Amino acid sequence: MLTYIVIAPIVIAVLLYLLPFERTARAIAIAAQAALTAYAYWIFSLSKEGDIITIVGGHYSVLGIALVADSMSAFFVLLTGFFFLVAVIYSYAENHSRLFWFLMFIWQGSLLGIFLSGDMFNIFVLVEVATVIVAVLIMYNQQNRSLYDGMIYFTVNIVVMQFYLLGIGYLYRLVGTMDINRAAELVGGYDRHYLILPYALIMTFVALKCALLPLYSWLPKAHGSPAAPPAVSAILSGLHIKCAVYLFLRFQTIFHPIDASQFFLAVGIITGIVGFIFAMSQTDIKLILAYHTISQVGLIFTGLNIPDVYAELGGLYHTINHALFKGGLFLSAGVIVKAYHTRDVYKIRGLMRTYPVIGAATLMAIFGITGAPFFNGSISKYFMATGAESLLNGVLIFMSLGTIISFVKYSTMLFGKRESGEEVVKISALKQISILIMGVLCFVTGIFGVQSIEFLFGVTVSIDIMGYLEKIIIFFVSLGAGYLIYKYYVKKSALLKRLKHFELGFRGICAAMGVFFAVILIFVGFFTR
């Protein structure tokens with residue numbers, strides 16, 4: 001059963017590449033992706049009754065290759081199917097070659113394989129395949145900057161994969177299996193000191209894939225690359241980076257004797273704060289969104305590592321919320337750049353008047369990411385705050401304030417008047433529909449946040465009305481403060497102007513890998529039990 005959903009995108013990719021009529025191929029792509037999404041939903045529904053396991057090749061026990069759809073992996077499979085469906089609908093009107101469609105579906109197959117694979121070495125192979133595909137898609141339009149960004153992405157990921165390979169190799173030497181579930185059972189028989197080195201190696205890989213501080217510099221180059229197709233940027237930010245979050249959760253189950261939650265809580269907080277500071281310094285709309293991917297991943301890690309069930313649930317729910325509002329924002333950014341012929345946030349005005357559907361969808365996505373009342377971000381942030389202590393709650397409020405400041409600047413595009421004489425570009429209906437779907441879902445998953453959590457994770461939760469009212473008051477106070485800070489500091493800050501161009505090159509990123517590996521090795525070795 002599970003084999004089909006991994007193989008099907010690859011078969012579709014080959015068929016689309018061979019079909020001579022591009023318009024027909026694109027229509028087939030939408031139909032095929034809709035079927036894949038329906039199949040992903042069916043798997044998700046079945047997983048609620050128990051884990052679904054498919055043994056590839058008929059070799060049972062730990063010698064076989066197992067595909068496993070449990071409650072968590074099935075959720076990510078459903079998210080993958082839906083996200084690619086929106087991306088395919090958006091890309092229908094684009095004049096992409098058959099190579100683009102071929103790579104998109106191969107990319108989807110590799111991501112589905114990562115989410116379903118129960119074998120650590122297979123994950124290595126699939127991540128490598130995805131890395132090559134993403135690098136090619138970043139360089140798809142063959143502009144100088146995109147070629148540079150794609151090569152940085154490719155080489156950095158090749159280097160960090162050696163950390164992962166050494167880590168699983170060392171783990172295999174200890175437990176004698178590459179099966180994730182079996183390894184989780186066997187490590188309990190070993191002294192935790194034997195697990196420190198493979199844990200540090202694998203978590204260095206995970207941290208770079210998640211763009212945690214200080215391993216973040218590759219992400220703006222990849223996600224914010226000027227020539228990368230909008231659908232590629234949206235999938236990279238909304239979905240692809242969730243693979244690393246998923247792998248973090250998976251490998252935490254293997255290394256359960258090691259509790260590094262305090263370390264990743266601190267790293268998550270710092271990443272969230274640094275991410276929004278760099279976002280505030282940018283004027284390029286794609287780079288603003290790219291740096292906010294870093295900030296939001298930091299927020300997700302903060303929630304996942306707070307020792308409270310509600311906070312962890314809030315962090316997990318924020319993964320889908322981030323996919324929705326960030327996917328919508330990147331897709332709308334692609335339209336905005338095409339319509340205004342600029343990426344400078346200060347040169348774009350009147351979006352709501354000129355393109356009301358795109359403007360409304362963008363505004364809903366902004367409400368989502370800032371945690372506006374009744375939108376999805378407010379629900380996940382509410383649960384994180386509910387499980388946090390008072391000091392940590394203040395940190396979460398500060399992180400939300402930083403997001404609000406950035407998107408006060410970003411939202412200036414929506415209002416005002418467009419300069420007279422500028423050509424109004426026609427936006428295809430399918431593009432508008434796909435962006436609007438993401439925006440509306442930011443509202444729906446907020447209004448029905450409790451029901452969405454129960455549907456997705458099978459957990460019954462409730463919201464305290466007075467507690468949520470307090471969060472609403474905090475939001476509006478933060479909104480007022482954010483507007484004043486933007487107007488009187490951000491627009492005039494010389495420090496932010498200097499930060500705008502700060503980034504690490506290839507050697508700097510590699511050095512950061514070594515530093516992160518050494519720090520986590522020392523922390524786990526000396527400061528955890």
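This text leads through a predicted model, from a patch on its surface to its nonpolar cores and one buried lysine. Residues are numbered from 1 along each chain as its sequence is written, and side-chain values use heavy atoms, leaving out hydrogens and water.

On the surface, I7, I10, V11, V14, L15, Y17, L18 and L99 form a nonpolar patch (Val, Leu, Ile, Met, Phe, Trp or Tyr residues with over 30% relative accessible area and no salt bridge, their side chains joined within 5 Å). Together they have about 690 Å² of accessible area, computed by the Shrake-Rupley method with a 1.4 Å probe. Helix 1 (residues 2–18) gives the largest share of the patch, seven residues, where a helix is a DSSP run of H or I with at least four residues. L18 has its place in helix 1, and L18 counts as exposed (over 50% relative accessible area) because its relative accessibility is 59%.

Inside the protein, the largest nonpolar core (buried Ala, Val, Leu, Ile, Met, Phe, Trp, Tyr and Cys residues joined through side-chain atoms within 4.5 Å, buried meaning under 20% relative accessible area) has 185 residues. Its largest share, 16 residues, comes from helix 10 (residues 230–254). I254 is one of the residues with the most contacts inside this core, and, not counting residues up to four places away in sequence, I254 touches M120, L171, I180, A183, A184 and V187 (heavy atoms within 4.5 Å). A second, separate core of 11 residues includes L299.

L299 is also among the residues in contact with K381, leaving aside neighbours within four places in sequence. K381, in helix 16 (residues 376–386), is buried yet has no salt bridge (a Lys or Arg side-chain nitrogen within 4 Å of an Asp or Glu carboxyl oxygen).

Key:
Predicted model: local features only at pLDDT ≥ 70, side-chain atom pairs only at ≥ 80, totals over all residues. Patch = residues over 30% accessible without salt bridge, like charges linked within 9 Å, V, L, I, M, F, W, Y side chains within 5 Å. Helix = DSSP H or I, 4+ residues; strand = E, 2+ residues; numbered from the N terminus. Buried < 20%, exposed > 50% of the residue type's maximum accessible area, 1.4 Å probe, protein only. Lys, Arg positive; Asp, Glu negative; His and termini not counted.
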